Amino acid sequence: MSGEDRPFCGHVPTTCAVCGADRYYVMYTIRGKHHRLFRCDGDEQVVKCKRCGLVYLNPIPDPDALLHVWSDHPVTESDISSTLADAALGDVANIRRFKTSGTLLEIGCGYGALLGEAQRAGFDVCGWEVNPRKCEYIKRTHGVENVFWEPPWERGLPDRTFDVIAMLDVIEHIREIHEILREIRRLLKDDGILYLNTPNLDGIRSRIKRRRWPYFIALSHIYFFTCETLDKLLRTEGMTVRKRLIRPSRSFARNLVKSALRTVNIFDELCVVAAKA
Ligand SMILES: [Zn+2]
């Protein structure tokens, strides 16, 4: 999809997703922002909440128009790489450090690499993906039957259904962030875990690149978390971080010697294991 083929999204103003405040200062203005899947007019601002420190986009691409873009996007072979499979192997290994079996829901399961890998590892898996074409792809390719495109709260899933809920590279896209976290908390068993990752605004690459950090420029991210602001967000919905796994992003990892720097907060990806507080 390129140029004028991409659908158009307008902008709408927003407030801080963590604390609800609307007072902020502008960190960067991103001119002529290029979104891969859609077009937007005008510049975009990366702002920082004066009350809680969350960094977010304001205004944001219209969420209703964006939902249409996500759910209508064709399945393209070029989006499906061996990197996804490698990452899924690593994610399942991480999850198995905390839960070795049980029920697993992935929110925003994309092309289903994690679901397929988790199913092979013995988990009873279930996925939510807003794009019906991807749901069909997952069923066909990974043999995962329980994949649905309507929101979990419309399916009447009972309380405390899941041992594990995974949400990878998703939280930074969703404006209804509190609603999603509330649903996650409702669906998790009392000893269940939330396995979540998002770009790491504390990482060294964001500090070096500043306004040119790829996660500001090329993608439809609306929130940019640090360890501190992600902790604050989870706490507002009765969740607490049990373990932090900061690591290189999938593309960054290929170019770095990983092990020497693993304990320092420099990497591009913030991954946490959270549980009910
Ligand atoms: Zn705030």
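Two strands are taken to pair if DSSP finds at least two bridges between them. In the predicted model described here, strands β9 and β10 are joined by 2 bridges and run parallel, and within this pairing Trp-128 stands opposite Phe-148 in β10. The path of the chain from β9 to β10 leads through α4, and the resulting β-α-β crossover is right-handed.

On the other side of the description stands strand β8 (residues 103-107), which is joined to β9 by 5 bridges in a parallel arrangement; here Ile-107 has Trp-128 of β9 as its bridge partner. The chain crosses from β8 through α3 to β9, and for this β-α-β crossover, too, the handedness is right-handed. Strand β9 itself is mostly covered, with 4 of its 5 residues buried. One residue placed in strand β9 is Cys-126, which counts as buried because 24 other C-beta atoms lie within 10 Å, where the cut-off for a buried residue is 20 or more. When residues up to four places away in sequence are not counted, Cys-126 touches Leu-105 and Asn-146. The second of these contacts links Cys-126 to a residue 20 positions away in sequence, the C-alpha atoms of Cys-126 and Asn-146 being 4.9 Å apart in space.

Helix α4 (residues 132-142) has Lys-134, Ile-138 and His-142 as its buried residues. These residues lie on the same side of α4, because they cover an arc of only 45 degrees around the axis. The elements against which the buried residues of α4 pack are α3 (113-120), β9 (124-128) and β10 (147-148). Just after the helix, Gly-143 takes a positive phi of about 65 degrees.

At the level of the whole protein chain, the secondary structure amounts to 9 helices and 15 strands, and 38% of the 277 residues count as buried. Among the contacts with a separation of 6 or more, 71% are accounted for by residues 24 or more positions apart. The largest nonpolar core comprises 63 residues, and those with the most contacts inside it are Tyr-56, Leu-114, Ile-165 and Leu-194. Strand β11 (residues 162-168) contributes the largest share of this core, namely 6 residues, while at least three residues are drawn from each of domain 1 (3-72) and domain 2 (79-212 + 219-276). For Ile-165, once the neighbours within four places in sequence are left aside, the contacts are with Leu-105, Ile-107, Ile-184, Leu-187, Leu-188, Gly-192 and Leu-194.

A further element of the fold is an open sheet of 4 strands, which has the order β3-β5-β6-β13 and antiparallel pairing. Its edge strands, each of which pairs on one side only, are β3 (24-30) and β13 (223-224). Strand β6 (residues 55-57) is joined to β13 by 2 bridges, and the two run antiparallel; in this pairing the bridge partner of Val-55 is Phe-224 in β13. A cis peptide bond, with omega of about 0 degrees, joins Asn-58 and Pro-59, and Pro-59 is found in the loop between β6 and β7 (60-61).

Two residues that are not glycines nevertheless have a positive phi, and each of them is found in a loop. Arg-160, with a phi of about 55 degrees, belongs to the loop between β10 and β11; this residue is partly exposed, because 14 other C-beta atoms lie within 10 Å. Arg-210, with a phi of about 50 degrees, lies in the loop between α6 (204-209) and α7 (214-217), and counts as exposed because there are 12 C-beta neighbours inside 10 Å, a residue being classed as exposed if the number is 12 or fewer.Strand β15 (residues 269-276) contains Cys-271, which is partly exposed because 19 other C-beta atoms lie within 10 Å. The C-alpha atoms of Cys-271 and Lys-243 are separated by 8.6 Å, the two residues being 28 residues apart along the chain.

Methods:
Residues numbered from 1 in each chain as written. Predicted model: local features only at pLDDT ≥ 70, side-chain atom pairs only at ≥ 80, totals over all residues. Arc of directions from axis to C-beta. Contact = placed C-beta atoms within 7 Å. Core = buried A, V, L, I, M, F, W, Y, C linked by C-beta atoms within 7 Å. Domains from an automatic or database assignment. Right-handed = clockwise from strand over helix to strand, strands pointing away.
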